[in-house]
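Biologist: I want to know what stands behind the labels people put on a model. Take me through them one by one.

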Amino acid sequence: MYQCCIFDLDGTIINTLHSLRKTVNETIKQFGYGPMDEYHVKYFVGDGYKKLMERTLKYCGDTELTHYEAALEVYDEMFKKYCLYQVEPYAGMPEFLTMLKEKGIRIAVVTNKAHDRAVECVETVYGPGFFDKITGEGNGIKCKPDPEGALKTAEEFHVKPSECLYFGDTNTDMRTGINAGMDTAGVLWGFRDRAELEAFKPKYIISHPDEIKSLFR
């Protein structure tokens, strides 16, 4: 039985698409670009805000990334303002997480979202202290798919990687779990499709948290 469940944030435990799209569009508007549609925002996120802005600017026509450094500064300011814009938990996730806690399973978040914004977002939606640990970008932790954040979480909880189940909605998450030596669960309610997840052969692919509850009974 798994002793620890580690979750990605965006597209996995919280629907942040409106927040991310709002932040991106308010940023690129400063440089005469946009707006970006939801489809491209879904596929540009997942690897940290620097990669998000690189992909966005190139898509908008700034192939030489002339505005890259300035855009990063604007994005940081905009994200402070819109981090919580229309964010909400996915259906069934609060109940699933509560069940895990009641069963004594440690729960944690490992995300490429900036650490301070990750804590703000998670604690606003789920409450302070609900998760046993939140790890975001920064604090010397390498971005996913590097397994450092996941492995440090397991180490802190005194569990083996094989006793952890890693949940996520993108190829970055699946690779993170694989790199950490953890079983993975690909979720279909997030930002990417089944084909992307299946390419990395996750242990489970689920359309709703209820589909995996039986593992913890």
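Biologist: Why is T12 called buried?

Modeller: Buried means under 20% relative accessible area, exposed over 50%, and partly exposed in between, with a 1.4 Å probe and protein chains only. T12 has a relative accessible area of 0%, so T12 is buried. T12 sits in the loop between β1 (4–7) and β2 (14–15). Helices here are DSSP runs of H or I with at least four residues, strands are runs of E with at least two, and both are numbered from the N terminus.

Biologist: Which residues is T12 in contact with, leaving aside its neighbours within four places in sequence?

Modeller: They are F7, Y90, M93, F167, G168, D169, V187 and W189. Contact means heavy atoms within 4.5 Å.

Biologist: What should I keep in mind about the source?

Modeller: This is a predicted model, so local features need pLDDT of at least 70 and side-chain atom pairs count only at pLDDT 80 or more, while totals for chains, interfaces and linings use all residues. Residues are numbered from 1 along each chain as its sequence is written, and side-chain values use heavy atoms, with hydrogens and water left out.

Biologist: What makes R117 and E120 a salt bridge?

Modeller: The term needs a side-chain nitrogen of Lys or Arg within 4 Å of a carboxyl oxygen of Asp or Glu. For R117 and E120 the N to O distance is 3.0 Å, so the pair meets the definition. Both lie in helix α6, 3 residues apart, about one turn of the helix. R117 is buried, with a relative accessible area of 18%. E120, at 28%, is partly exposed.

Biologist: Which residues are joined into one network by salt bridges that share partners?

Modeller: D8, K144 and D173. The whole structure holds 16 salt bridges.

Biologist: Why is K29 called partly exposed, and what is E26 called?

Modeller: K29 has 49% relative accessibility, so K29 counts as partly exposed. E26 has 15%, and therefore counts as buried. Their side chains meet in a salt bridge at 3.3 Å, N to O. Both lie in helix α1 (residues 17–29), 3 residues apart.

Biologist: How do you know that E54 and K51 are separated by about one helical turn?

Modeller: They are 3 residues apart in helix α3 (residues 49–60), which means about one turn. Their side chains form a salt bridge at 3.5 Å, N to O. K51 is partly exposed, because its relative accessibility is 31%.

Biologist: How is the chain split into domains?

Modeller: The assignment gives domain 1 (2–13 + 87–214) and domain 2 (15–81). Such bounds come from an automatic or database domain assignment. The domain centres, taken over C-alpha atoms, are 24 Å apart. Domain 1 gives 18 residues to the contact and domain 2 gives 15.

Biologist: How much area do domain 1 and domain 2 bury between them?

Modeller: About 1400 Å², 52% of it on carbon and sulfur atoms. Buried area is the accessible area (1.4 Å probe) that two parts lose on being put together, summed over both. In domain 1, R117, F191 and R192 lose the most area to domain 2, together 39% of what that side buries.

Biologist: How many salt bridges are counted between domain 1 and domain 2?

Modeller: The count is 0. The polar contact rule finds 7 residue pairs across that interface, both residues at pLDDT 80 or more. A polar contact is a pair of N or O atoms within 3.5 Å; within protein, one must be able to donate a hydrogen and the other to accept it, and residues adjacent in sequence count only if both atoms are side-chain atoms.

Biologist: What makes the peptide bond from K144 to P145 worth listing?

Modeller: It is cis, with omega near 15 degrees. Most peptide bonds are trans. P145 lies in the loop between β5 (133–137) and α7 (148–157). G34 and P35 are also joined by a cis peptide bond, with omega about 0 degrees.
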